[in-house]
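The following exercises are to be worked with the sequence and the three-dimensional model at hand. Each task is followed by a solution in steps.

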Amino acid sequence: MASFFSSFDSERIVAAIAAAEARTSAELRVHVTKRIPEDLDMRALRRFHVLGMNKTDQRNGVLIYIAPRARKFRILGDEGIHAKAGDEFWKGVASVIEAHFRKEQFTEGVVLGIGLLAEELARHFPRAKDDRDELPNTIDEE
């Protein structure tokens with residue numbers, strides 16, 4: 001895993017996910033694929049479902065799907081958050097991540113993107129006292 005993630009500081013990314021989820025009931029995941037997906041949108045959506053991102057109680061899961069070899073990524077939000085955030089929000093987060101990726105600041109891009117997601121998610125889905133972590137706070141690899 002270390003060689004594949006050499007451009008990513010996985011500990012910083014996992015810490016960013018945990019910090020974000022401390023503020024919101026939403027679930028965030030990061031997925032990195034070794035593949036060059038033929039259809040990135042389809043692969044990202046498939047991984048979203050495989051990881052159970054669509055099964056959170058409030059339908060507020062968010063996946064950052066990264067295909068480094070293809071130099072592409074996607075951010076997918078489930079219907080609960082998408083209905084509240086809107087397209088412009090997603091485009092804004094994507095532009096921040098993309099700007100850092102262009103400078104080969106991969107970890108920084110992901111961490112900043114997670115921070116922006118956390119702000120919006122906390123606004124719409126604040127963490128409740130009895131909130132439980134529904135999905136692991138790890139980087140998923142394929």
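**Exercise 1. A pair of helices**

In this predicted model, the axes of helix H1 (residues 10-21) and helix H5 (residues 106-124) come within 9 Å and cross at roughly 5°. Classify the relative direction of H1 and H5, and describe the residues at their contact.

*Solution.*
Step 1. Angles under 35 degrees count as roughly parallel; H1 is therefore roughly parallel to H5.
Step 2. From H1, the contact takes in Arg12, Ile13, Ala16, Ile17 and Ala20. These meet Thr107, Glu108, Val110, Val111, Ile114 and Ala118 of H5.
Step 3. Sorted by character, the residues of this contact comprise 8 nonpolar, 1 polar and 2 charged.

**Exercise 2. The sheet**

Determine the order of the strands in the open sheet and identify its edge strands. Then state how H1 is placed against the sheet.

*Solution.*
Step 1. The open sheet is built from 4 strands in the order S3-S2-S1-S4, with mixed pairing.
Step 2. S3 and strand S4 (139-141) are the edge strands, as each pairs on one side only.
Step 3. On average, and ignoring direction, neighbouring strands of this sheet are turned by 20° against each other.
Step 4. H1 packs on the sheet, where it touches strand S1 (27-32) and S4. The direction of H1 makes about 160° with that of S1.

**Exercise 3. The hairpin of S2 and S3**

Describe the pairing of strand S2 (residues 61-67) with S3, and find the residue with a positive phi in their hairpin.

*Solution.*
Step 1. S2 and S3 run antiparallel and are joined by 6 bridges.
Step 2. Two opposing pairs can be located in the model: isoleucine 66 stands opposite phenylalanine 73 in S3, and alanine 67 has lysine 72 in S3 as its bridge partner.
Step 3. The hairpin has 4 residues between the strands, and arginine 71 adopts a positive phi near 60°.

**Exercise 4. A pocket**

Which residues line the second largest pocket, and which strand and helix each supply at least two of them?

*Solution.*
Step 1. The volume of the second largest pocket is about 220 Å³.
Step 2. Its lining consists of Phe73, Arg74, Ile75, Leu76, Gly77, His82, Asp87, Trp90, Lys91, Ala94 and Glu98.
Step 3. Strand S3 (72-77) and helix H4 (87-102) each contribute at least two residues to this lining.
Step 4. By character, the lining residues of the second largest pocket divide into 5 nonpolar, 2 polar and 4 charged.
Step 5. Phe73 thus appears twice in these exercises: in the pocket lining and opposite isoleucine 66.

Notes: Residues numbered from 1 in each chain as written. Predicted model: local features only at pLDDT ≥ 70, side-chain atom pairs only at ≥ 80, totals over all residues. Heavy atoms only, no water. 1 Å grid on protein atoms, 1.4 Å probe; cavity = no way out; pocket = protein on both sides within 12 Å on 5 of 7 lines; lining within 4 Å. Points joined across faces, edges and corners; volume = space filled by probe spheres on them. Nonpolar A, V, L, I, M, F, W, Y, C, P; charged D, E, K, R; others polar. Axes fitted to C-alpha atoms, helices over the stretch in contact; angles between N-to-C directions. Parallel < 35°, antiparallel > 145°, perpendicular 65-115°, else oblique. Contact = heavy atoms within 4.5 Å. Pairing = 2+ DSSP bridges.
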